Amino acid sequence: MSCLVKSNYSHQLSSTAMAMCSSFCPQIPNQLRARPICPFPTKPQFTLSVKAFSSETSNASSKADGLSARIGFLGLGIMGSPMAQNLIKAGCDVTVWNRTKIKCDPLISLGAKYKSSPQEVAASCDVTFAMLANPESALEVAIGEHGAASGMSSGKGYVDVSTVDGATSKLISGRINATGASFLEAPVSGSKKPAEDGQLIFLTAGDKSLYELVAPLLDIMGKSRFFLGDVGNGAAMKLVVNMIMGSMMASFSEGLLLSEKVGLDPSVLVEVVSQGAISSPMYSTKGPSMIQSTYPTAFPLKHQQKDLRLALGLAESVSQPTPIAAAANELYKVAKSHGLSDQDFSAVIEALKAKLQNPPK
Ligand SMILES: NC(=O)C1=CN([C@@H]2O[C@H](COP(=O)(O)OP(=O)(O)OC[C@H]3O[C@@H](n4cnc5c(N)ncnc54)[C@H](OP(=O)(O)O)[C@@H]3O)[C@@H](O)[C@H]2O)C=CC1
Ligand SMILES: O=CC(=O)O
């Protein structure tokens, strides 16, 4: 396993690193170049890999001359839109597709190209990212009719950043590899704001060469990246992290409601929690709106429940007891059944309120 973190690097990029960064994103503005957005290791290992993406030219030097990698982005929801936007703002050549076409428009106005199917995006790009809702949509977009796989071929790369289970990821990987292309799973930890701020954490696994090749792009969208080995390990890491997060939010919800019931001010609870050993940015950012019973969506509740469901499946596959996550999952299911799927996952607190626990007959 290896991990690279933006802040671990010197803010002064080596000239080689800058040249490599430029080969992907030739128009990175100077103010971004001054920041450590392309934190290469001191020994860049990209020269040969860059050639692999250069489908219109066969030598790396012409690539460095400005024939930048063409990047596809499939899925422009809460996460995909800001991620693609950061690539565009960094000067990358980005082609977008989204099932609901209108969500492409803001990115097209920023300079993105548009293609009308995942197949066309993959066919016209060197590396294609996909950020989709769940295993079903990730499969449909990757290997369904007019899916990305049908536009892939040797020398191209497919990077799935959606949160799915390992079996889904392996299925997609197999179909992508069968075209001669490379596959990397790279689910992200971090929500809407980290996506906007380029502060995501990438949990990658699969083709190491592709990982190294797209590292400068991951560094535009994120603050750190882990390479975890074989396909399935990135998905598993993401599901374990989100299993913990879902349980934490359910427990926090119980605490907020209990504090209020016994006459305490839940805002003070949020403050106390924020100063102690269980402090988490999640509690301090979401606590105040939860107290107001408002749940502006950053991470949709339906996705958190999907992640708990997939994590429970993962746990079952290795006979690992996870009773706390199982209980939390039931709460998210209750919340979903009351129409809260598209609210932020902090709306799980509603499932603990008497009116939802004992709905009127
Ligand atoms: N939001 C967050 O905080 C985080 C989310 N994630 C994960 O990232 C992924 C995306 O999340 P997020 O952006 O929040 O989700 P959204 O619900 O905002 O976006 C989902 C995307 O998937 C597309 N989609 C859904 N079903 C299909 C389908 N059948 N065919 C084609 N496209 C489809 C949607 O297209 P359309 O616009 O047409 O509906 C949209 O582009 C999920 O796996 C989630 O678990 C990971 C980290 C944080
Ligand atoms: O998957 C959600 C997140 O915040 O990470």
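1. In this predicted model, strand 7 and strand 9 (residues 200–206) run antiparallel and are joined by two bridges. One residue that takes part in this pairing is Leu184, whose bridge partner in strand 9 is Gly206.

2. Strand 7 also pairs with strand 6 (residues 157–160), here in the parallel sense and over four bridges. Leu184 appears again in this pairing, as the bridge partner of Val159. Between strand 6 and strand 7 the chain passes through helix 9 (residues 166–178), and the resulting β-α-β crossover is right-handed.

3. In a regular strand the side chains alternate between the two faces of the sheet. For strand 7 (residues 182–185) both faces are covered, with Ser182 and Leu184 buried on one side, and Phe183 and Glu185 buried on the other.

4. The largest nonpolar core comprises 34 residues, and within it Phe73, Met83 and Phe129 have the most contacts. At least two residues of this core come from each of strand 2 (70–74), helix 5 (80–89), strand 3 (93–97), strand 5 (127–130), strand 9 and helix 11 (208–221). Helix 11 makes the greatest contribution, supplying seven residues.

5. The surroundings of Phe129 deserve a separate remark: leaving aside residues up to four places away in sequence, Phe129 touches Ile71, Gly72, Phe73 and Leu74, together with Val159 and Val161, and also Val214, Leu217, Leu218 and Met221. Val159, listed among these contacts, is the residue bridged to Leu184 in strand 7.

6. Another core, of 30 residues, lies apart from the largest one, and includes Phe252, Leu257, Leu308 and Ala311.

Definitions and conventions
Residues are numbered from 1 along each chain as its sequence is written. Chains are lettered from A and ligands numbered from 1 in the order in which they are written. This is a predicted model: local features need pLDDT of at least 70, side-chain atom pairs count only at pLDDT 80 or more; totals for chains, interfaces and linings use all residues. Side-chain values use heavy atoms; hydrogens and water are left out. Buried means under 20% relative accessible area, exposed over 50%, partly exposed in between (1.4 Å probe, protein chains only). Two strands pair if DSSP finds at least two bridges between them. A crossover is right-handed if, with the strands pointing away from the viewer, the path from the first strand over the helix to the second runs clockwise. A nonpolar core is a set of buried Ala, Val, Leu, Ile, Met, Phe, Trp, Tyr and Cys residues joined through side-chain atoms within 4.5 Å. Contact means heavy atoms within 4.5 Å.
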